[in-house]
Amino acid sequence: MRKIDLCLSSEGTEVILATSSDEKHPPENMIDGNAETFWTTTGMFPQEFILCFHKHVRIERLVIQSYFVKTLRIEKSTSKEPVDFEPWIERELVHTEGQLQNEEVMARDGHAIYLRFIIMSAFDHFASVHRVSAEGMAVSNLS
């Protein structure tokens with residue numbers, strides 16, 4: 001089986017929930033494969049979004065490209081519906097003035113159907129997520 005970027009909309013991944021939306025910067029921008037486009041939050045925290053893979057995947061490496069994100073929590077679920085999330089990764093990101101934060105995580109026990117990303121706090125009133133990338137493979141289709 002080949003490793004692919006599981007978080008691309010072209011692979012069937014969808015953003016099924018986002019707590020804020022701007023028509024110029026919709027949540028789908030995070031999974032279009034282009035770091036020039038992005039999703040932006042409103043001024044309140046926490047903010048979150050949920051990705052659905054529509055299949056059971058095993059993530060080996062996760063990369064989040066963002067701006068102004070301070071504390072990020074990622075939860076995962078292998079349920080057929082987006083419920084029963086369990087804590088997976090929590091990170092304090094470093095503020096990178098004038099350039100994207102590029103947070104890479106080598107994943108342990110990265111089995112998921114859904115990922116919930118929660119931006120707990122930010123370095124500014126707004127934060128943006130430019131790209132989410134997950135290297136891994138599909139384990140099985142949902143039946």
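**Close-up views of a predicted model**

The structure holds zero disulfides. The model is predicted, and the views below describe its computed features.

**View 1. Two buried cysteines, C7 and C52, stay unpaired.** A disulfide is a covalent bond between the sulfur atoms of two cysteines. The sulfur of C7 has its closest cysteine sulfur in C52, 11 Å away, which is too far for a bond. The search from C52 gives the matching result: its closest cysteine sulfur is that of C7, at 11 Å. A disulfide would need the two sulfur atoms within 2.5 Å. C7 is buried, with a relative accessible area of 0%. C52 also counts as buried, at 3% relative accessibility.

**View 2. W39, F49 and F117 form one aromatic cluster.** A pair of aromatic rings is described by the distance of the centres and the angle of the planes. The structure has three aromatic pairs. W39 and F49 meet edge-to-face, with 5.3 Å between centres and 70 degrees between planes. This pair joins distant parts of the chain: W39 belongs to strand 3 (residues 39-40) and F49 to strand 4 (residues 47-67), ten residues apart. W39 is buried, with a relative accessible area of 0%. F49 is buried too, at 1%. F49 and F117 are stacked, 4.6 Å centre to centre, with 10 degrees between the planes. Here the link runs from strand 4 to F117 in strand 8 (residues 111-122), across 68 residues. F117 is buried, as is F49.

**View 3. The largest nonpolar core has 33 residues.** In soluble globular proteins, nonpolar side chains tend to be buried together. The residues with the most contacts inside this core are F49, I59, L62, I74, L115 and F117. At least two core residues come from each of strand 4, strand 5 (69-77), strand 6 (86-92), strand 8 and strand 9 (128-141). Strand 4 gives the largest share, eight residues. Leaving out residues up to four places away in sequence, F49 touches V15, L17, A18, M30, W39, L115, R116, F117, V129 and V132.

**View 4. A second, separate core has five residues.** Among them are C52, F85, I113 and Y114. The ring of F85 also faces a charge: the charged end of R116 sits over this ring, 4.2 Å from its centre.

**View 5. Loops carry a cis peptide bond and two positive phi angles.** Most residues other than glycine have a negative phi, and most peptide bonds are trans. A cis peptide bond joins F45 and P46, with omega of about 10 degrees. P46 lies in the loop between strand 3 and strand 4. D84 is not a glycine, yet has a positive phi of about 55 degrees. D84 is found in the loop between strand 5 and strand 6. D84 is exposed, with a relative accessible area of 61%. D109, also not a glycine, has a positive phi of about 50 degrees. The loop between strand 7 (101-106) and strand 8 holds D109. D109 is exposed, at 51% relative accessible area.

**View 6. An annotated domain covers residues 18-121.** UniProt, in an unreviewed entry, places the feature "domain: F5/8 type C" there. Over residues 18-121 the chain is 0% helix and 55% strand. The C-alpha atoms at the ends of this stretch are 16 Å apart.

Definitions and conventions: Residues are numbered from 1 along each chain as its sequence is written. This is a predicted model: local features need pLDDT of at least 70, side-chain atom pairs count only at pLDDT 80 or more; totals for chains, interfaces and linings use all residues. Side-chain values use heavy atoms; hydrogens and water are left out. Rings of Phe, Tyr and Trp (its six-membered ring) pair if their centres lie within 6.5 Å; planes under 30 degrees apart count as stacked, over 60 as edge-to-face and the rest as tilted. Helices (H or I, at least four residues) and strands (E, at least two) are DSSP runs, numbered from the N terminus. Buried means under 20% relative accessible area, exposed over 50%, partly exposed in between (1.4 Å probe, protein chains only). A charge sits over a ring if NZ of Lys or CZ of Arg is within 6 Å of the ring centre and within 35 degrees of the ring normal. UniProt positions are given in the numbering used here, feature names are shortened, and annotations may be inferred rather than shown by experiment. A nonpolar core is a set of buried Ala, Val, Leu, Ile, Met, Phe, Trp, Tyr and Cys residues joined through side-chain atoms within 4.5 Å. Contact means heavy atoms within 4.5 Å.
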